[in-house]
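Here are some exercises to work through with the model open on your screen. Try each task before you read its solution.

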Amino acid sequence: SWPMDRAPSIGYSKSRKGVDFELSPGSRGEVRASKAGKVVYSGNGIGGYEQLIIIKHSDTLLSAYSFNGATRIAEQVTVKVGQKIADILPVGRTIPKLTFEIRKDGEPVKPSNYIKRG
């Protein structure tokens with residue numbers, strides 16, 4: 001499922017590795033696991049990302065969630081689909097948002113090819 005209760009506001013393209021979910025300035029949101037799996041990274045130690053959570057779903061499939069806010073899940077924890085993993089929070093003048101990626105065999109893929117509708 002999508003990690004937020006809305007469709008992405010900015011879609012996937014060859015020049016973008018994922019999709020963005022932008023919120024209204026000053027608003028908050030919840031991020032949920034798009035699929036069950038194990039959290040293999042939770043923190044802000046990877047350059048180019050704010051807070052980052054990476055969930056391993058299989059030997060070939062990962063999902064990544066980069067956002068302004070606070071993580072709500074630790075590394076090595078197994079999560080269920082739809083489980084809350086983070087809060088998006090307003091930070092200064094930036095637009096609160098989530099960037100969501102799905103990677104297959106380490107390569108970014110179009111998330112809508114893996115997300116079930118309805």
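Buried means under 20% relative accessible area, exposed means over 50%, and partly exposed is anything in between, using a 1.4 Å probe and protein chains only. Keep in mind that this is a predicted model, where local features need pLDDT of at least 70, side-chain atom pairs count only at pLDDT 80 or more, and totals for chains, interfaces and linings use all residues. Residues are numbered from 1 along each chain as its sequence is written, and side-chain values use heavy atoms, with hydrogens and water left out.

**Exercise 1. Place Ser34 and work out whether it is buried or exposed.**

Step 1: find the spot. Ser34 sits in the loop between strand 2 and strand 3 (37-43). Strands here are DSSP runs (E, at least two residues), numbered from the N terminus; helices would be H or I, at least four residues.

Step 2: apply the cut-off. The relative accessible area of Ser34 is 7%, so this serine is buried.

Step 3: see who surrounds it. Leaving out residues up to four places away in sequence, Ser34 touches Ser1, His57, Ser63, Tyr65, Val81 and Phe100. A contact means heavy atoms within 4.5 Å.

**Exercise 2. Describe the chain as a whole: how many helices and strands does it have?**

Step 1: count. The protein chain has 0 helices and 10 strands.

Step 2: check the overall dimensions. The radius of gyration is 13 Å, close to the 13 Å the globule rule gives for 118 residues, so the chain is as compact as a globular protein of that length. That radius is taken over C-alpha atoms, and the rule is 2.2 Å times the number of residues to the power 0.38. Along the principal axes, the C-alpha atoms fill a box of roughly 40 × 30 × 30 Å.

Step 3: look at burial and contacts. Of the 118 residues, 40% count as buried. Take the contacts between residues at least 6 apart in sequence: 55% of them join residues at least 24 apart.

**Exercise 3. Work out the strand order in the open sheet of 3 strands.**

Step 1: write the order. It goes 2-8-6, with antiparallel pairing. Two strands pair if DSSP finds at least two bridges between them.

Step 2: find the edges. Strand 2 (29-32) and strand 6 (69-71) each have a single partner strand, so one side of each is left without a neighbour in the sheet. Neighbouring strands are turned by 25° against each other on average, direction ignored; axes for such angles are lines fitted to C-alpha atoms (for helices, over the stretch in contact), and angles run from 0 to 180 degrees between N-to-C directions.

Step 3: count the bridges. Strand 2 and strand 8 are joined by 4 of them, with Val31 partnered by Ala86. Strand 6 is joined to strand 8 (residues 84-88) by 3 bridges; Ala70 stands opposite Asp87, and Gly69 faces Ile88.

Step 4: check burial. In strand 8, 4 of the 5 residues are buried, so this strand is largely enclosed by the rest of the structure. In strand 2 the side chains alternate: Gly29 and Val31 point to one face and are buried, while Glu30 and Arg32 point to the other and are not.

**Exercise 4. Which residues touch the most other members of the largest nonpolar core?**

Step 1: define it. A nonpolar core is a set of buried Ala, Val, Leu, Ile, Met, Phe, Trp, Tyr and Cys residues joined through side-chain atoms within 4.5 Å.

Step 2: name them. Of the 23 residues in this core, the answer is Ile53, Ile55, Tyr65, Ile85, Leu98 and Phe100. Strand 1, strand 4 (51-56), strand 5 (61-67), strand 8 and strand 9 (97-104) each give two or more residues to the core.

Step 3: zoom in on Leu98. Beyond four places away in sequence, its contacts include Pro3, Met4, Val19, Val31, Tyr65, Phe67 and Ile88.

**Exercise 5. Where do Gln76 and Asp105 lie?**

Step 1: take Gln76. This residue is in the loop between strand 6 and strand 7 (78-79), and its phi is near 75°, positive in a residue other than glycine. Its relative accessible area of 49% makes Gln76 partly exposed.

Step 2: take Asp105. The loop between strand 9 and strand 10 (107-109) holds Asp105, which has a positive phi of about 50° although it is not a glycine. At 56% relative accessibility, Asp105 counts as exposed.
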